[in-house]
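Dear colleague,

Here is the structure that I promised to hand over to you. Please open it beside this message, and then read on for what was found in it.

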Amino acid sequence: MRRVSDLLRTPAGRRLTLVAGPWDAREVGSVVLVDEMRELTAAAPGALAILSRHAMRSCDVLDALRLAGRGGLAGIVLPGPSGTTPEMVELARRERVALLAGASDHSLSDTVLGLSAAVRADPGLLLRRTREAIDGIGAMEGAGEEDILRAASASVGVAYVVAGLADPGANATVIRVGGRPDGYVCWEGEDPAAAIVAQVVATTLGRVRAAAREAEAARERALLALLGAKDTRIAARRARHEGVPVDGWHVAVFLRDPGGDATPGAADPVLREARGIAAALPGALGLGGTAELSAPPLVTRWQDGVLVLLTADERTTIDLPPAQRSSALWPSVVGAGGPAAGGTGAGLGTCQAGPDGLRRTAAQARAAAARAAAGEVVRFDRLGVHALLAELSGSESALVAARDMLAPLERLGALSAHALPTLKAYLDSWGSRTRAAELLSLHPNAVAHRIRRIAEALDADLSDPQTRFALQLACHVVLDYDCLPGTTTTISSS
């Protein structure tokens, strides 16, 4: 460990003169520039304080020596040549503080930089600073990124920041998550301890991010399981265990993705954009003062788009016009230059409570998005008659009844996979085989053959208006509900 006597032998130290006090009473742990006397009081024990002329205007040498001794400083450097008095010599000896004078032709910044480099180069100090910083980071189990960066910066004496891209000329070390680069820890200066600790910081941040993403993925899986569960109570219990706030008041936003299926593991610009702006959604939706979220927004792929779930502790109101440009919610996703070419629609559910309400508002948001034109946000409570189908799709009893009614179609062998979409297209076309054939890209005779087998399997008279209405409603309820959770894959229609 270096002392004042060692620093005086370095190139920067040769310009200093020992005026009074011992030159080896304390080890030098750092070098600080003091421009105001309160900074001298805040200096760490063992520091060598270099006083500016501005600092000396508010405090004389004797006061500076007393403050330095009280703080356990190794020494103070006065700006320019300085004389001595017996009182100075005695006080410096008693406080065990080296009193030095700088050269008038040398800048303070050069002195600070030169002496700091000499102190940091000491092997013993380097090892101690590094060990203390690493021990401090290791003790921060469960801390967030900002806390880790702040603690590491304070322990080493450099400012660590995280950046997505590193300047080629900057000091930087890569953060890896799952073996892949995920940003950089950057800092300034040539401190060897800072470079060593930066590696530990990057490794720690990589673990923190991996754990956070795994927890987020577990919440998303639990949310998707709740949305598609037959037994809501069991699914809600699992969701609570994973941290999904199922018991609050929920508002869902659904962004329809016109880009089609997202390839697993590939970049997903719509999902990435939704996650990036989810925190700003309450303000964009005009939620009232009671709408402080009880948990961070949950964002996940669901069915044929992206679902964003906002949860508050109290019932909220939504101050959004019946329809508006969705660029207010999704600025770059639905914009002309965004990933969703040509724009997309967004739907907004109503505020609902509890696990069942969560499922209901998600179904409402998706139903509203289906009615939204490109670049438009549609509120479910403004859908009018179309809201009925969405409510039925979210009703467990209606879904069970619809599935029971259509269950015989599963016995049609190879036709079973296409029976439900065929029946829906036929009924939606008012019994027109030609129109249904166009929707299904089939020959009208193929449609007629399918419909005959479907009617036989259901033992249904398709000429009866009530039978047609009931089956058409059942087809919509089941097909609207039975997209595969977590994907954009729907039941095949051909």
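Helices α8 and α9 are roughly antiparallel to each other (a term for angles over 145 degrees, whereas under 35 is roughly parallel, 65 to 115 roughly perpendicular and the rest oblique). Helix α8 covers residues 145–156 and helix α9 residues 192–228, and they pack at an angle of about 165° with their axes 11 Å apart; axes are lines fitted to C-alpha atoms, for helices over the stretch in contact, and angles run from 0 to 180 degrees between N-to-C directions. Helices (H or I, at least four residues) and strands (E, at least two) are DSSP runs, numbered from the N terminus.

Please keep in mind that this is a predicted model, in which local features need pLDDT of at least 70 and side-chain atom pairs count only at pLDDT 80 or more, while totals for chains, interfaces and linings use all residues. Residues are numbered from 1 along each chain as its sequence is written, and side-chain values use heavy atoms, with hydrogens and water left out.

Where do α8 and α9 make their contact? Contact means heavy atoms within 4.5 Å, and the residues involved include Ile148, Leu149 and Ala152 of α8 together with Val197, Val201 and Leu205 of α9. By class, the contact of α8 with α9 has 10 nonpolar, one polar and two charged residues (Ala, Val, Leu, Ile, Met, Phe, Trp, Tyr, Cys and Pro count as nonpolar, Asp, Glu, Lys and Arg as charged, and the others, Gly among them, as polar).

A second helix pair is formed by α16 (residues 416–428) and α17 (residues 433–440), which pack at an angle of about 130° with their axes 8 Å apart. That angle makes α16 oblique to α17. Here the contact is made by Pro421, Thr422, Ala425 and Tyr426 of α16 and by Arg433, Ala436, Leu439 and Leu440 of α17.

Turning to the strands, there is an open sheet of five, in the order β1-β5-β4-β3-β2 and with mixed pairing, where two strands pair if DSSP finds at least two bridges between them. Because β1 (17–20) and β2 (30–34) stand at the edges, each with a single partner strand, one side of each is left without a neighbour in the sheet. Strands β4 (residues 75–78) and β5 (residues 98–101) run parallel and are joined by four bridges, and isoleucine 76 has leucine 99 in β5 as its bridge partner. Helix α4 (residues 61–70) packs on the sheet, touching β3 (47–51), β4 and β5.

With best wishes
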